[in-house]
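Student: Hey, I've got a new structure to look at and I'm not sure where to start. Can you walk me through it?

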Amino acid sequence: MPAVQIARRGPTVSVLAYEGMSAFEMGIVTEVFGLTRPELDVSWYRLAICAPSPGRVRLIGSAVLQTDHGLDEFAAADTVIVPGVPDVSGEVDPEVVAALRTAGRRGARVVSICSGAFALAAAGLLDGRRATTHWQYAERLHRRYPLIQVDPDVLYIDDHNVLTSAGSAAGLDLCLHLVRKDFGASIANAVARRLVIQPHRDGGQAQFIEAPLPPSPEDDRVAASMAWALQRLDQPITVDILAGHAHMSARTYLRHFSKATGDSPIRWLIAQRIQASLPILEDTNTPIEKIATAVGFDTAVTYRHHFSRAMRTSPSAYRRAFHSREQSG
């Protein structure tokens with residue numbers, strides 16, 4: 001008899017829809033967790049859009065969302081996401097609070113985007129924890145819930161099974177972080193490429209594109225020099241070397257690089273080297289000293305310093321958290 005193939009079932013994710021919400025925050029969640037991704041060859045997420053009352057939910061702009069899922073399904077998922085609240089000055093729906101507490105008690109991963117932190121706070125899930133929200137709301141969150149250690153300067157905070165993100169777009173950073181935790185850096189990077197965003201942004205940094213579309217011949221040369229550097233991260237690369245490859249003086253190159261990316265060449269190089277080290281940390285047992293050299297840092301001390309600043313953890317701690325099951329076994 002032929003072997004029976006059992007369909008793999010991925011982790012479940014639920015997201016809360018509420019009256020008057022922006023479709024953007026909902027779109028972040030559905031884009032990352034709702035699309036099927038057969039090309040990745042993993043058991044992808046199963047997403048449920050839920051509402052306090054199943055049925056029609058009116059969004060900004062008179063759009064209407066229809067869902068059959070209520071708060072029971074919302075509280076039952078492996079990962080529960082609140083993409084905002086209707087009013088940061090008002091009370092959170094008691095039924096939503098109860099559902100979040102139920103999810104928290106059974107060990108679900110509870111996540112907020114932007115003002116959604118107020119819902120987690122109302123449920124008591126942020127008491128005694130570090131958390132963040134949109135910078136506009138940070139002081140209000142702190143005053144209203146003084147037991148929370150509010151940090152307004154980061155894109156997101158991972159406090160074990162409770163995670164919060166800053167303003168709306170930072171929800172993308174947090175969702176990619178969840179993918180990285182669940183499936184590893186290579187899968188998260190693949191999703192980021194499909195979204196045309198960076199796999200990881202430093203906290204508080206403005207978004208920048210790895211190789212921006214060049215608006216001028218000079219920026220075209222900058223983009224070419226960046227692509228050249230990405231293939232040689234293990235080699236010594238200076239501003240003078242990059243400028244020479246772009247056929248510019250160092251001063252002209254710095255000006256055009258900043259205009260094209262919003263960053264400096266050295267900071268950009270450091271970020272790319274950190275990114276290049278993540279799959280090595282996850283998928284191999286290569287010593288930290290050799291990883292540092294492989295991605296272009298002079299010493300392991302320098303690598304650890306820049307890694308900690310960018311990732312807010314050490315390379316060793318990152319490896320413990322994200323090392324693949326195959327390698328750990």
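Student: Okay, how do strand β3 and strand β4 run, and how many bridges join them?
Tutor: They run antiparallel, and 4 bridges join β3 (residues 55-58) to β4 (residues 64-67). Two strands count as paired if DSSP finds at least two bridges between them. One of the bridges here has Gly 55 with Thr 67 of β4 as its partner. Before we go on: this is a predicted model, where local features need pLDDT of at least 70, side-chain atom pairs count only at pLDDT 80 or more, and totals for chains, interfaces and linings use all residues. Residues are numbered from 1 along each chain as its sequence is written, and side-chain values use heavy atoms, with hydrogens and water left out.

Student: What do β3 and β4 form, and what's up with Gly 61?
Tutor: They form a hairpin with 5 residues between the strands, and Gly 61 in the turn has a positive phi of about 90°.

Student: How many helices and strands are there in the protein chain?
Tutor: There are 15 helices and 10 strands. Those are DSSP runs numbered from the N terminus: helices are H or I with at least four residues, strands are E with at least two.

Student: Which strands form the open sheet, and in what order?
Tutor: The order is β2-β1-β5-β6-β10-β9, 6 strands with mixed pairing. β2 (46-50) and β9 stand at the edges with a single partner strand each, so one side of each has no neighbour in the sheet. On average, neighbouring strands are turned by 15° against each other, direction ignored. The axes behind such angles are lines fitted to C-alpha atoms, for helices over the stretch in contact, and angles run from 0 to 180 degrees between N-to-C directions.

Student: What holds strands of a sheet together in general?
Tutor: They pair through backbone hydrogen bonds, either parallel or antiparallel.

Student: Where does Ser 14 fit in, say with β2?
Tutor: Its bridge partner in β2 is Ala 48. Strand β1 (residues 12-16) and β2 run parallel, joined by 5 bridges. Ser 14 also stands opposite Val 80 in β5, and β1 and β5 pair in the parallel sense over 3 bridges.

Student: And which way do the residues of β5 point?
Tutor: Thr 79 and Ile 81 point one way, Val 80 and Val 82 the other, and all are buried. Buried means under 20% relative accessible area, exposed means over 50%, and partly exposed is in between (1.4 Å probe, protein chains only). On its β6 side, β5 pairs in the parallel sense over 4 bridges, with Thr 79 opposite Arg 109.

Student: Which strands does helix α1 lie across?
Tutor: α1 (residues 23-34) lies across β1, β2 and β5 (79-82), and runs at about 155° to β2.

Student: Switching to loops: is Arg 37 buried or exposed?
Tutor: Arg 37 counts as buried, at 6% relative accessibility. This residue is found in the loop between α1 and β2. Not counting residues up to four places away in sequence, Arg 37 touches Glu 31, Val 32, Trp 44, Val 191 and Arg 194; contact means heavy atoms within 4.5 Å. Val 191 is 154 residues away along the chain, yet the C-alpha atoms of the pair are separated by 9.0 Å.

Student: Which way does the phi of Cys 114 go, positive or negative?
Tutor: Positive, about 55°, although Cys 114 is not a glycine. Most residues other than glycine have a negative phi. Cys 114 sits in the loop between β6 (109-112) and α4 (117-122) and is buried at 7% relative accessible area.

Student: What about Arg 312?
Tutor: Arg 312 isn't a glycine either, and has a positive phi of about 60°. Its loop runs between α13 and α14 (315-322), and at 54% relative accessibility Arg 312 counts as exposed.

Student: Last one: at what angle do α11 and α13 pack?
Tutor: Helix α11 (residues 265-283) and helix α13 (residues 300-311) pack at about 95°, with axes 10 Å apart. That makes α11 roughly perpendicular to α13; angles of 65 to 115 degrees count as roughly perpendicular, under 35 as roughly parallel, over 145 as roughly antiparallel and the rest as oblique. Among the residues making the contact are Ile 270 and Leu 281 of α11 and Tyr 303 and Phe 307 of α13.
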